[in-house]
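This report describes selected local features of one protein model. The sequence and the structure come first, and the notes follow.

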Amino acid sequence: MVRPVTTTHDGQNGPQPHVGPDPQGEPQAHPYRHPAAGWGAAKSVGKVLMREGALVDGPRAIMRMNHENGGFDCPGCAWPDDTKGLHLDICENGIKHVTWEMTPKRVGRDFFAAHSVTELSGWSDFDLEDQGRLTEPMVYDPESDHYVPIGWHDAFETVGRALRELDSPNQAAFYTSGRLGNEATFLYQLMARELGTNNLPDCSNMCHEASGRALTASLGTGKGTVDLKDWEATDALFIMGVNAASNAPRMLTALAEAYRRGAQIVHINPLVEAAATRTIVPHDFTDMALFKSTRTSTLNLQPRIGGDMALLRGVAKAILEQARTDPRALDQVFLDRHTEGFDAYRALCEATSWAEIERQSGVDRDDILKTARVYRDADRSIVSWCLGVSQHEHGVDTVREIVNLLLLRGNLGREGAGPSPVRGHSNVQGNRTCGIDHRPTETFLERLAEVCAIDPPHEHGLDTVGTIQAMHRGEVKVFVGMGGNFALAAPDTPYTYEALRTCDLTVQVSTKLNRSHLVHGRRALILPCLGRTEKDQQRHGVQRISVEDSMSMVHLSLGMKRPASPHLLSEPAVIAGMARAALPDSSTPWEWYIEDYDRIRDTMAQVLDGFEDFNRRVRLPLGFRIKQPARELVFLTPSGRAEFSTAPLPDVVPAPGTLALGTMRSHDQWNTTIYSDNDRYRGIENLRTLVFMNKDDMRERGLAEFDPVDITSTAKDGTRRHLDGYLAIPYDIPRGCAAGYMPEMNVLCAIGDFSTQSDQPLMKHVKVTIEPSA
């Protein structure tokens with residue numbers, strides 16, 4: 001059995017909470033050689049439905065999820081809905097997510113009366129969430145160390161009084177995860193800005209901030225330019241830093257279809273994940289019956305952690321070298337008409353040696369040339385990426401290098417071509433579109449002031465890391481979290497815990513009990529809200545919310561199930577209640593908005609570019625796509641053209657004796673929610689406290705499979721953090737690299753170790769040493 005895990009933070013010892021459920025047996029590790037999805041996913045879904053007691057509601061939800069007429073949007077990933085009217089546009093993880101929300105278990109006043117916060121703090125995070133749905137507002141009572149019931153009016157007044165009494169509105173911060181719908185998002189940012197702050201940290205600050213900043217610099221828009229129809233028309237897909245089978249499982253359908261029609265599919269990732277091999281798509285009933293799998297790749301490359309930029313530079317260098325004898329290798333007309341800085345980029349590629357490219361990427365020149373040939377032979381190419389690219393010091397430069405490569409052959413502004421970031425959480429992109437941005441544009445603020453008759457602040461606010469640091473210094477006194485599990489999702493776990501505990505008030509708007517309710521300020525509120533699957537009944541009837549997927553499609557979502565408790569409020573209603581209490585003299589019609597969400601959308605249509613005629617367009621089949629200027633070859637950059645980047649290659653080769661460690665999810669996990677201690681696609685059972693290592697790195701350290709090891713990270717400021725007693729697992733990963741699960745390994749990422757380009761924590765590139773446990 002795995003022995004208890006401890007963590008050291010700047011010399012202070014303390015327990016590291018166990019995240020997953022108690023293991024059901026001895027740890028096991030064995031190669032996974034089966035197709036992704038298929039019968040393994042079907043079996044997993046059956047177990048989930050049985051475990052959650054959802055044998056009736058579960059299948060009903062499956063038939064309503066991701067449907068354009070009267071269905072609700074999956075609260076999991078942000079992959080677009082099928083464009084061909086598929087009736088089972090679902091996946092294993094989406095069903096897990098929905099049934100986890102639809103559980104019949106309840107957490108009410110009797111539960112909190114029976115368990116103190118001190119007691120609950122010793123529970124695993126799995127056990128906390130497994131208790132079920134929260135049913136009524138609760139307030140922390142420090143004398144008894146219990147949460148006790150509080151009415152909604154008093155809860156709102158507690159928040160309002162705390163905000164009104166601040167010396168400055170910048171002493172408050174308003175966080176959101178990606179689950180918040182567009183209408184709630186708009187009201188949330190409106191409340192914060194009417195109060196007078198742009199302190200609007202969000203999960204994008206930890207995930208895709210680099211992508212948005214890079215695309216804005218290169219193309220003038222912070223989003224990808226392709227949609228699902230482009231995926232269906234492209235000749236070549238380059239998938240970078242994505243574990244699609246777990247993080248965006250519905251992508252498997254697109255990959256299988258692309259392979260069947262002859263498209264080339266290149267996966268670029270330090271680990272060859274299950275989605276990069278083959279799949280059986282569960283709604284392909286014939287394939288399921290015949291156990292017939294389809295390949296999902298034509299080439300797999302394994303760069304070292306952080307080596308993606310060098311690999312891309314190598315592909316570009318090969319294309320430019322070929323262009324010396326074959327001008328068709330470049331789209332010179334496109335380059336001349338639509339780009340700026342090509343000559344400087346070409347000179348940079350020529351000056352970068354193949355030896356340096358191989359050294360930094362960790363990929364042989366021959367394999368890079370194979371990739372270049374795929375790119376050269378494809379008339380239309382898409383490059384898609386996720387956190388394996390963005391959560392690095394040089395994440396912005398790497399995404400800009402993706403754009404550089406696309407520009408060389410004019411892979412922009414035409415069908416089947418362009419950049420395609422993969423957002424990991426439903427509506428995280430919509431949050432940013434609808435105003436959750438600590439660095440809002442002047443154009444947006446001016447429009448907001450005009451339409452909503454407020455005077456919004458213009459100075460930049462705090463992002464996620466900045467908020468944690470400001471809380472730690474005592475400068476942010478009120479923290480409001482809309483969804484998510486901030487305490488576990490953030491970096492440097494002990495530091496984040498300390499920061500939250502310095503607050504005068506922490507407010508968590510949630511559906512289930514989690515760690516963030518137990519790591520709280522001097523005063524604390526738990527405000528329970530409706531889930532995505534539940535009916536939202538307001539004065540003018542059942543309401544729909546809208547969400548935006550990762551390809552800029554906006555569509556409606558309608559809950560189907562009776563709420564878990566009559567005391568739950570919708571997220572817009574919770575926000576409006578807090579706003580009215582905090583801003584008693586506000587002229588904003590908060591209550592009027594909540595009666596009918598069409599009214600919120602009408603206001604949004606006046607404020608947000610691309611949302612004109614919102615209420616009509618969002619009711620069209622599949623909703624509508626927000627217009628992307630770069631898709632039409634309109635570039636809102638200083639030059640008015642797509643701009644090449646000429647960043648030098650970073651040195652990502654680990655120093656002798658050190659490894660580059662990347663954190664990631666297991667398959668049976670969604671963000672900080674852990675469903676089991678298994679990771680089917682990586683062949684792991686009954687274990688989360690592990691580290692995947694190259695077998696030669698293990699041999700060099702005298703390690704065998706399941707040997708306990710101590711992991712030490714060294715931060716930029718020289719401080720060290722430790723995880724002790726983890727088990728070493730040999731895995732197909734490049735030499736000098738290691739990987740393990742978040743949130744357990746978040747403790748290794750120091751609060752000061754964030755990218756100077758994007759301010760993102762360096763979750764995918766932690767410098768560590770690994771030694772046998774004493």
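The sections below cover aromatic pairs, charges over rings, two groups of strands and one buried polar residue.

## Basis

The model is predicted, and local features are reported only where pLDDT is at least 70. Side-chain atom pairs count only at pLDDT 80 or more.

## Aromatic pairs

A pair of aromatic rings is described by the distance of the centres and the angle of the planes. The structure contains 23 aromatic pairs. In one of them, the ring centres of phenylalanine 611 and phenylalanine 614 are 4.9 Å apart and the planes meet at 85°. Planes over 60 degrees apart count as edge-to-face, so this pair falls in that class. Phenylalanine 611 and phenylalanine 614 are both buried.

Phenylalanine 611 also pairs with phenylalanine 624, with centres 5.9 Å apart. The planes of phenylalanine 611 and phenylalanine 624 stand at 90°, so this pair is edge-to-face as well. The pair links distant parts of the chain, 13 residues apart. Phenylalanine 611 lies in the loop between helix H28 (597–607) and helix H29 (614–617), while phenylalanine 624 belongs to strand E25 (residues 624–625). Both phenylalanine 611 and phenylalanine 624 are buried.

Elsewhere, one aromatic cluster is formed by Phe111, Phe112, Trp123, Tyr140 and Tyr147.

## Charges over rings

Phenylalanine 624 has a further partner: arginine 617 lies over the face of its ring, at 4.0 Å from the ring centre. In another such arrangement, lysine 512 places its charged end over the ring of tryptophan 100, 3.8 Å from the centre of that ring.

## Parallel five-stranded sheet

Which strands make up the open sheet of 5 strands, and in what order? The order is E14-E11-E10-E16-E17, and the pairing is parallel. Strand E14 (299–301) and strand E17 (418–421) are the edge strands, each pairing on one side only. From one strand to the next, the twist averages 15°.

At the E14 edge, strand E11 (residues 264–268) pairs with E14 in the parallel sense over 3 bridges. Isoleucine 268 has leucine 301 of E14 as its bridge partner. Helix H20 (residues 395–408) lies across strand E10 (236–240), strand E16 (381–385) and E17. Relative to E16, helix H20 runs at about 175°.

## Strand E34 and its partners

Is strand E34 (residues 737–741) largely enclosed or largely open? Of its 5 residues, 5 are buried, so strand E34 is largely enclosed by the rest of the structure.

Strand E27 (residues 659–664) runs parallel to E34 and is joined to it by 5 bridges. Within this pairing, threonine 663 has glycine 740 of E34 as its bridge partner. Strand E31 (residues 690–693) is antiparallel to E34, with 2 bridges between them. Here phenylalanine 692 is matched with alanine 739 of E34 as bridge partner.

## Glutamine 429

Glutamine 429 sits in helix H21 (residues 428–433). Its relative accessibility is 2%, and because buried means under 20%, glutamine 429 counts as buried.

What does the side chain of glutamine 429 make a polar contact with? The partner is the side chain of glutamate 548, at 2.9 Å. Leaving aside residues up to four places away in sequence, glutamine 429 touches Lys223, Arg423, Glu548, Asp549, Ser550, Met551 and Ser552.

Notes
Residues numbered from 1 in each chain as written. Heavy atoms only, no water. Phe/Tyr/Trp six-rings, centres within 6.5 Å; stacked < 30°, edge-to-face > 60°. Buried < 20%, exposed > 50% of the residue type's maximum accessible area, 1.4 Å probe, protein only. Helix = DSSP H or I, 4+ residues; strand = E, 2+ residues; numbered from the N terminus. Lys NZ or Arg CZ within 6 Å of the ring centre and 35° of its normal. Pairing = 2+ DSSP bridges. Axes fitted to C-alpha atoms, helices over the stretch in contact; angles between N-to-C directions. Contact = heavy atoms within 4.5 Å. Polar contact = N/O pair within 3.5 Å; in protein donor to acceptor, adjacent residues only side chain to side chain.
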